[in-house]
Structures are given as C-alpha cells and as structure tokens.
Amino acid sequence: MGNMALPTMPARSASNLTFLYALGYPIGALAVSAMSPMAVLVFRFGLASAILSGWALLARVTWPTGRTLAHVLVSGLLTQALQFICLYLALLHGAPAVLGAVVISMNPVVTTLLAATFLGEGLTWTRVGALVLGVVAVLAACAGRLFAIGGVDTVVLLLLAALASLAAGGVYQQRFCSGVDFRATAALQNAVALLPVAVLATVMPFTMVDPWKAAGAVAAVVLFNATLCMTLYVRAINNHGAAAVAMLFAVIPAVAGLLSWLMLGQRPDIGIGVGLLVGAAACWLNARGSRQQRQHDPAGDGGRQHRVDPIHDAAVPR
C-alpha cells in the first residue's frame, strides 16, 4: 500500500496543519518553562488520549487488532513518544523554539531518504541535492550553538533524535497503518506514548515554577498540538502520504519563528535565518523532484507491471 499514488493535499488542510504544528513549538517552550517536561508530556498524552478515544468511540470507528494494532503502537512510540521526549528535553536545556523548528523542518529530506529505502520511492539527483541542502541547513541553524559550545552538545543531539523519530514514524505509519481510521490511530498513539513518559516522570524531578502559566500552557499543548494538530497530521499521512505532509516543513519553521518572536520574544540569529532559507530551498527542491517523479511514474509503482491475484482480487507487483 505504501507504493500507491495518493491525492494532493488541499491548500486549506495544508495551511491549518502548518499553523497548528508551528504553534506547538512556542507553546511547548512555554509549558516546559513552567513545569518539568515529563510532567507536561504526561498531561499531554494522557488528556489527548482520553479526548481522542472518546471521539473514536462516539464515531464508532473500527479499532485495529493483532499485527495492525502492533504497527500503530510502534508508530506512536516513534512519532509521539520519542519525538516529543527529545524535543521537550532540548527546550528544557535552552534550545530556542525556532531552532527546534528548523532542525525538525528537515523532516522532508530525511523522509525522502527513508521512503526511498523502505517504500521503494525513487531517489533522483534532484532529491539527492535536496538532501545535501538539508544537511547544510541544519549545520547553519546550529552553527551559533556549535561555536558557543565548541562542538555538538546534548541539545543538538536531542533535536536530531527528534527529527529522526518523526521521519521514521511517518514512513512507518504510511507503510503499515494507512488503512486504520485516523481517530483510532491518534488515540492509540497518544495512549502508548503515555507509558514511557510516565516511567520517566517517576524517575525525574518534578518542578512547577508558575502553576497558572503551567495550566494555561499545558491546556494549549493538549488542545491545539496534541489533539487537533497531531490528529490532522495522522489523517494527512493516511490520505496524502508521509512525503507530501513532510513538504509542509518548508514553511513551518518560518511560522514557528514568527510565533516564537511574538509569544516568547525569541529573535532568530543569523545562522537560524540562513537555515530557514536553505531549508526552504531544500524542501522546494525535494518537492520539485517529487513532482517530476509523479509525472514519469503517476502510479507510484516504479513502472512495474501488475497482475491480478485471483484470491485477494488485488494488484500485486510482478
């Protein structure tokens, strides 16, 4: 199913997802500045799981079972648990919200590499060029911190781990979970992500600097990011594919940078500004390569002929 051609994402859906995803960076930074990150994530995943499970039950969706259920849970550990554990710890250690957005904006180029490896999507010279520009963008964005620290520090490693887990989770979901209702997928992903953060919360110190600020920021994280944004993210991958959704990360860092400036007073430095521009160029080049590939291979099957399997009545690669 990972090789089937998928419909183009509508502009309205893309703009809504872009804004909500970008908003997650400054409100996440606000939350971890008022409360310890694992406590924030316990509230995030616990409340979002309850809300989404209730929605799925009211809608009477079909819940996955067996191997499909296991795949959904693995995708949740990657896309939700590992990504946000690493991201929130990086924010706690002083990473500017826009720096996290720029590094994770390399999701399209990493997704392209993973999709080429595991979904059989072609890796053209155009997309290879996008990968190179993506590496340059990350280095430029992290340059100020690399020079200040004298090398790669914990913050940079955490952000790179968040990037890798997001890209891997998106490709994994497209490959194994695209047939599952997006509400069931989102509910289960949040539920399984709650387990590791609950364990970490018990072994890490709990702090709350400002209860009212923490309550407001956590409520915003749960409502706008965990519930609305990640549900739209799951649905978009099911409907349009991981590579198409990843293209939004060409715009998300700029929106996150503007919101972080307005909400947190964090102005991006020159390196982050260069990273924004080069990263956008990398995503544009990657999108151009994707369009060229679809023009030459509209079925998304690598040009392979198909035969009809008489038992499953489905197209099977020869």
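In this predicted model, Gln-173 is found in helix α7, which covers residues 154–176. The relative accessible area of Gln-173 is 0%, and since buried means under 20%, this glutamine counts as buried. Which residues is Gln-173 in contact with, once its neighbours within four places in sequence are left aside? The list comprises Ser-75, Ser-178, Gln-189, Val-234, Ile-237 and Asn-238.

Helix α9 (residues 211–240) also takes part in the aromatic pairing. Six aromatic pairs are counted in the model. One of them joins Tyr-21 and Tyr-233, with 5.8 Å from centre to centre and 50 degrees between the planes, a tilted arrangement. Because Tyr-21 belongs to helix α1 (residues 11–34) and Tyr-233 to helix α9 (residues 211–240), this pair ties together parts that are 212 residues apart in sequence. Are these two tyrosines buried or exposed? Tyr-21 has 4% relative accessibility and counts as buried; Tyr-233, at 2%, is buried as well. A further tyrosine, Tyr-25, joins Tyr-21 and Tyr-233 in one aromatic cluster.

A pair of phenylalanines offers another example. The ring centres of Phe-45 and Phe-84 are 6.5 Å apart and their planes meet at 70 degrees; angles over 60 count as edge-to-face, so that is the class of this pair. Here, too, distant parts of the chain are linked: Phe-45 lies in helix α2 (residues 37–59) and Phe-84 in helix α3 (residues 66–92), 39 residues apart. Phe-45 is buried, its relative accessible area being 0%, and Phe-84 is likewise buried at 4% relative accessibility. The ring of Phe-84 has a charged partner too: the charged end of Arg-44 sits over this ring, 3.8 Å from its centre.

Attention turns finally to helix α11, made up of the 13 residues 252–264. How does its length agree with expectation, and what span should its residues give? At 1.5 Å a residue the helix should span 18 Å, and its end C-alpha atoms are 17 Å apart, so the two values agree. Within α11, the residues Ile-252, Pro-253, Ala-256, Gly-257, Leu-259 and Ser-260 are buried. An α-helix has 3.6 residues a turn, so residues three or four places apart point the same way. Just after α11 comes Gly-265, which takes a positive phi of about 75 degrees.

Key:
Residues numbered from 1 in each chain as written. Predicted model: local features only at pLDDT ≥ 70, side-chain atom pairs only at ≥ 80, totals over all residues. Heavy atoms only, no water. Phe/Tyr/Trp six-rings, centres within 6.5 Å; stacked < 30°, edge-to-face > 60°. Helix = DSSP H or I, 4+ residues; strand = E, 2+ residues; numbered from the N terminus. Buried < 20%, exposed > 50% of the residue type's maximum accessible area, 1.4 Å probe, protein only. Lys NZ or Arg CZ within 6 Å of the ring centre and 35° of its normal. Contact = heavy atoms within 4.5 Å. Expected span 1.5 Å × (residues − 1).
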